[in-house]
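Trainee: Could we go through this one together, with me asking and you reasoning out loud?
Mentor: Sure, fire away once it's on the screen.

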Amino acid sequence: MKIEDFLFKGRVPLMNKALDTYSLRMTTAAKNIANVNTVGYKPQKVEFESLFQNQMALTGTKTNEKHIPVGPKPDPNGELIDRKIPVPEAVMSGENDINIDKEMAEVAQTQVRFQFVSQSMSKYFKQLNAAITGNTNY
């Protein structure tokens with residue numbers, strides 16, 4: 001295994017995708033909150049975790065073109081989908097099915113996750129810099 005593969009092919013791309021997805025999730029939540037009084041607006045959400053779980057699924061090889069493909073789907077990214085609203089929540093939310101409390105909780109949770117990944121990425125590069133320069137004061 002090359003040292004470049006070890007340092008940059010696993011952790012950095014995954015953290016980069018997570019940051020991009022959390023950014024998209026914040027933008028989507030902001031759009032949902034901004035349209036709280038818009039009649040007929042359907043809230044959206046970003047699905048990432050289930051796509052990531054599918055990526056980490058079993059791997060296999062096809063020995064025949066008739067075999068069902070086994071293994072991860074290529075390149076999981078955050079996917080924007082319409083949110084499914086439970087009936088009691090739709091009745092309580094009024095004209096447009098947006099629950100402002102749920103949206104604000106989503107924003108808070110996404111902020112914590114974004115901050116965790118960005119701090120982890122910062123620490124990773126500080127450690128890499130310390131390994132290269134020998135300066136451990138970071």
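**Talking through the model**

Mentor: Let's start out on the surface: asparagine 37, at 70% relative accessibility, counts as exposed. Keep in mind that this is a predicted model.

Trainee: Where is asparagine 37 found?
Mentor: Look past the helix that covers residues 11-34, which is α2. The strand β1 takes up 44-47. Asparagine 37 is found in the loop between α2 and β1.

Trainee: What distance separates the C-alpha atoms of asparagine 37 and aspartate 97?
Mentor: Along the chain these two are 60 residues apart. In space, their C-alpha atoms are separated by 9.9 Å.

Trainee: Stepping back, in what order do the elements of the chain run?
Mentor: The tally is five helices and two strands. Reading from the N terminus on, the order is α-α-β-α-β-α-α.

Trainee: What share of the contacts between residues at least 6 apart in sequence joins residues at least 24 apart?
Mentor: Arginine 25 and threonine 110 give a feel for separation in sequence versus space: 85 residues apart in sequence, they sit 7.2 Å apart, C-alpha to C-alpha. For contacts in the chain between residues at least 6 apart, the share joining residues at least 24 apart is 70%.

Trainee: How does the span of helix α2 from first C-alpha to last compare with what's expected, and what is that span?
Mentor: Helix α2 has 24 residues, and at 1.5 Å a residue the expected figure is 34 Å. The model comes close to that, with a reach of 35 Å.

Trainee: Which element gives the most to the largest nonpolar core?
Mentor: That core has eight residues in all: Val12, Met15, Ala18, Leu19, Tyr22, Val117, Met121 and Tyr124. The elements giving two or more residues are α2 and α5, the latter covering 100-133. With five residues in the core, the top contributor is α2.

Trainee: Which residues does leucine 19 touch, leaving out those up to four places away in sequence?
Mentor: Leucine 19 is itself one of the core residues, and so are Val117 and Met121. With neighbours up to four places away left out, leucine 19 touches Phe114, Val117, Ser118 and Met121.

Trainee: Is arginine 25 buried or exposed?
Mentor: Its place is in helix α2. The cut-off for buried is under 20% relative accessible area. Arginine 25 has 5%, so it counts as buried.

Trainee: Which residue meets the side chain of arginine 25 in a salt bridge?
Mentor: The structure holds one salt bridge, so there's one pair to look for. Its N to O distance is 3.6 Å. It ties together parts that are 81 residues apart in sequence, because one partner lies in α5 and arginine 25 lies in α2. The partner is glutamate 106.

Trainee: What kind of aromatic pair do tyrosine 124 and phenylalanine 125 form?
Mentor: The count comes to one aromatic pair, and this is the one. The ring centres are 5.4 Å apart, with 70 degrees between the planes. Planes over 60 degrees apart count as edge-to-face, so this pair is edge-to-face.

Trainee: Which residue of that pair is partly exposed?
Mentor: Tyrosine 124 has 9% relative accessibility, so it counts as buried. A relative accessible area of 35% belongs to its partner, phenylalanine 125.

Trainee: Last one: what percentage of the chain's accessible surface belongs to carbon and sulfur atoms?
Mentor: Buried residues make up 22% of the 138 residues in the chain. The accessible surface comes to about 10000 Å², and the carbon and sulfur share of that is 58%.

Definitions and conventions:
Residues are numbered from 1 along each chain as its sequence is written. This is a predicted model: local features need pLDDT of at least 70, side-chain atom pairs count only at pLDDT 80 or more; totals for chains, interfaces and linings use all residues. Side-chain values use heavy atoms; hydrogens and water are left out. Helices (H or I, at least four residues) and strands (E, at least two) are DSSP runs, numbered from the N terminus. Buried means under 20% relative accessible area, exposed over 50%, partly exposed in between (1.4 Å probe, protein chains only). Contact means heavy atoms within 4.5 Å. Accessible areas come from the Shrake-Rupley method with a 1.4 Å probe; for residues, only the protein chains shown count as cover. Rings of Phe, Tyr and Trp (its six-membered ring) pair if their centres lie within 6.5 Å; planes under 30 degrees apart count as stacked, over 60 as edge-to-face and the rest as tilted. The expected span of a helix is 1.5 Å times one less than its number of residues. A nonpolar core is a set of buried Ala, Val, Leu, Ile, Met, Phe, Trp, Tyr and Cys residues joined through side-chain atoms within 4.5 Å. A salt bridge is a side-chain nitrogen of Lys or Arg within 4 Å of a carboxyl oxygen of Asp or Glu.
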